[in-house]
Amino acid sequence: MSTITTVPCPGCGTAVEWGAQSPYRPFCSKRCQLIDLGEWADEEKRIPGDPAWLPEQDDENEY
């Protein structure tokens, strides 16, 4: 007997079953998925730490 794993949607907190029946997992819907993507694109969310690459330190792109 397998147990059903549920996770909270990162956007709204709704319980989402982790499985093929939830195509947007861990999100509950396409809407929550797109809102999250937009937050990353607008840099409202970011991974803490120093940038791995800074354009002003890149000598490879100088021609």
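The exercises below, each with a worked solution, concern a predicted model of a protein chain.

**Exercise 1. The elements of the chain**

Determine how many helices and strands the protein chain has, and in which order they run from the N terminus.

*Solution.* Begin by counting the elements, which gives one helix and two strands for the protein chain. Next, follow the chain from the N terminus on, and the elements appear in the order β-β-α. The helix, α1, covers residues 30-41, while the strands β1 and β2 cover residues 6-8 and 15-17. Then look at the length of the helix: α1 has 12 residues and reaches 16 Å from its first C-alpha to its last, which is close to the 16 Å expected at 1.5 Å a residue. Finally, look just past the helix, where α1 is followed by Glu43, a residue whose phi is positive, near 60 degrees.

**Exercise 2. The annotated cysteines**

Find out which residues the UniProt annotation "binding site" covers, and decide whether Cys9, Cys32 and Cys28 are buried or partly exposed.

*Solution.* First, consult the record: the unreviewed UniProt entry places the annotation "binding site" on Cys9, Cys12, Cys28 and Cys32. These residues are spread over 24 residues of sequence, yet they cluster in space, with a largest C-alpha distance of 8.2 Å.

Second, locate two of them along the chain. Cys9 lies in the loop between β1 and β2, whereas Cys32 belongs to helix α1.

Third, apply the cut-off, by which a residue is buried when its relative accessible area is under 20%. Cys9 counts as buried because its relative accessibility is 4%, and Cys32 counts as buried because its value is 8%. Cys28, however, has 34% relative accessibility and therefore counts as partly exposed.

Fourth, examine the surroundings, leaving out residues up to four places away in sequence. Cys9 then touches Thr14, Val16, Pro26, Phe27, Cys28 and Cys32, and Cys32 touches Cys9, Gly11, Cys12 and Phe27.

**Exercise 3. Sulfur atoms and disulfides**

Explain why Cys9 and Cys32 are not joined by a bond between their sulfur atoms.

*Solution.* Start from the general idea that a disulfide is a covalent bond between the sulfur atoms of two cysteines. For the pair to count, the two sulfur atoms must be within 2.5 Å. The cysteine sulfur closest to that of Cys9 is in Cys32, at 3.8 Å, and this is too far for a bond. Cys28 is likewise in no disulfide, since the nearest cysteine sulfur, that of Cys12, is 3.6 Å away. In the end, the structure holds zero disulfides.

**Exercise 4. A network of charged side chains**

Work out which residues the salt bridges of Lys45 join into one network.

*Solution.* Recall first that side chains of opposite charge can pair when their charged atoms come close. The cut-off used here is a nitrogen to oxygen distance within 4 Å. Taking the pairs in turn, the side chains of Lys45 and Asp36 meet in a salt bridge at 2.3 Å, N to O, and those of Lys45 and Glu39 meet in another at 3.2 Å, N to O. Salt bridges that share partners thus join Asp36, Glu39 and Lys45 into one network, and the count of salt bridges comes to two.

To complete the picture, compare the exposure of the partners. Asp36, in helix α1, counts as buried because its relative accessibility is 15%. Lys45, at 28%, counts as partly exposed, and so does Glu39, at 23%. Leaving aside neighbours within four places in sequence, Asp36 is in contact with Phe27 as well as with Lys45.

How values were computed:
Residues are numbered from 1 along each chain as its sequence is written. This is a predicted model: local features need pLDDT of at least 70, side-chain atom pairs count only at pLDDT 80 or more; totals for chains, interfaces and linings use all residues. Side-chain values use heavy atoms; hydrogens and water are left out. Helices (H or I, at least four residues) and strands (E, at least two) are DSSP runs, numbered from the N terminus. Buried means under 20% relative accessible area, exposed over 50%, partly exposed in between (1.4 Å probe, protein chains only). Contact means heavy atoms within 4.5 Å. UniProt positions are given in the numbering used here, feature names are shortened, and annotations may be inferred rather than shown by experiment. The expected span of a helix is 1.5 Å times one less than its number of residues.
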